[in-house]
Amino acid sequence: MDLKDTAEQAAYRERVRTWLEEHRAEAPALRGEDAIEDEDERIAAHRAWQRRLAEAGFVGITWPEEYGGQGLGPLEQVIFNQELNRLGLPGIIDTIGVGMLGPTIIAHGSEEQKQRYLAPMLHADEVWCQLFSEPAAGSDLAGIQARARRDDDGAWRLSGQKVWTTNAQFAAFGLLLARTDADVPKHKGLTMFVVPMDAEGVTVRGLRQISGEAEFNEVFFDDVRLDPDATVGPVNGGWGVAMTTLMFERLTIGGGAEGMGYRADRFAAAIAADAVAAADPEVRARLGRVSSELLSIRFTGYRMLTALQRGQIPGPEAGLSKVTLVNAGIAALDLVTDVVGPDALQDGTDWSYLTSFLPGLKSAGGTEEILRNTVGERVLGLPPEPRLDKGVPFSELRAREREAAGATP
């Protein structure tokens, strides 16, 4: 593909660059020595920055115009991200909502849901969280146990627990996958719901990371009442809705390596600043391996963008970019720490943040084992591992697993 901007793209890039340079002073300091320390103040400033970007037309760039977006292509979104990163400015606070959940509602939600939720999401008036992972299910999304039962009046009652939920502590709504029929195979009895995070019976507890931040949370639901129209997509058809969310999630994570700070040139600059390290052949070889991996993610992202531009949906191969990102990030930060020394782990530095962010990133969007299995089976055509759950009602799975464990010599 031709990686040069077309005339239209070049004009769009100039528009983005001019606006960002004129308004860069309005962006909040979220990292570094001048970062806002008070959490509430930081969140408020980040919301205000997203609102300012939305007013300028730089949030929901690929969303349809009728829902507040710009109706542009994914390459325009990339151009905006590139210009944002060039100036070292923060992106939006609600990447999860705008990047993953909004597109899911656009694809599967009712017209009433689109009109109610999408505009406040774009302007960060209402931030969203993704309520998928559970303690007992691990990366087996279809194994979730949170239950939603329908009352006689059509309302739903939700009970269960979710974990590793980003931004739940200040989110207004969450998109939640729950089991609504335990008497069918596990992939068939799931339904997606919109959950108000301030509803009675919802409890959010922060999970402190090694970075010192608590952007992840565990969330408990104790007989939470949901309106009859809280479902997104068909009842018991939530697996297909969830696949839309996961596709956008893996595309965002796998294609977002540079936006997250894991850039080949950034690591190369750190090595080049040390004359001894730059001349060391082993260091140079390690840097070369890391850089090639990170550059491969960039060009894999370009391939996914090409597919989107052609109206195609990227397949499970998008997950491989995320696997590569995590492993290359670990290797790169090991290398930088070896060269820079203990100062690289000093609290408040960029290197320290990138290092402390990696454990959480390893689980985001699916673990490496799950993603490798998906690529192996669906891309390479390798035979799947034997499964006990195929065609078995979810309510019978535990008994089948116990029987299998007892029969193991």
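Student: What is the relative accessibility of D227?
Tutor: This is a predicted model in which local features need pLDDT of at least 70 and side-chain atom pairs pLDDT 80 or more, while totals for chains, interfaces and linings use all residues. Residues are numbered from 1 along each chain as its sequence is written, and side-chain values use heavy atoms, without hydrogens and water. D227 counts as partly exposed (buried is under 20% relative accessible area, exposed over 50%, partly exposed in between; 1.4 Å probe, protein chains only), its value being 44%.

Student: Which residue does the side chain of D227 meet in a salt bridge?
Tutor: The contact is a salt bridge (a side-chain nitrogen of Lys or Arg within 4 Å of a carboxyl oxygen of Asp or Glu), and in this case the N to O distance is 3.1 Å. The partner of D227 counts as partly exposed at 39% relative accessibility, and its name is R225.

Student: Which residues are joined into one network by salt bridges that share partners?
Tutor: The structure holds 18 salt bridges, and one of them links E83 with R17, whose closest N and O atoms are 2.7 Å apart. Both of these residues belong to the network, whose members are D5, R13, R17, E21, E83 and R86.

Student: How many residues apart in sequence are the parts that the pair of E83 and R17 ties together?
Tutor: E83 is buried at a relative accessible area of 2%, whereas R17 is partly exposed at 28%. E83 lies in helix α3 (residues 74–86) and R17 in helix α1 (residues 7–23), helices being DSSP runs of H or I with at least four residues and strands runs of E with at least two, numbered from the N terminus. The salt bridge therefore ties together parts whose separation in residues is 66.

Student: Which residue forms a salt bridge with D151?
Tutor: The closest N and O atoms of this pair are 3.2 Å apart. The partner of D151 counts as partly exposed at 23% relative accessibility, and it is R157.

Student: What is the approximate phi of W164?
Tutor: Most residues other than glycine have a negative phi. W164, in the loop between β3 (156–162) and β4 (173–179), has a positive phi although it is not a glycine, with a value of about 60°.

Student: Between which two elements is the loop that holds N236?
Tutor: N236 is likewise not a glycine and has a positive phi of about 70°, and at 28% relative accessibility N236 counts as partly exposed. The loop that holds N236 runs between β8 (231–232) and α6 (238–254).
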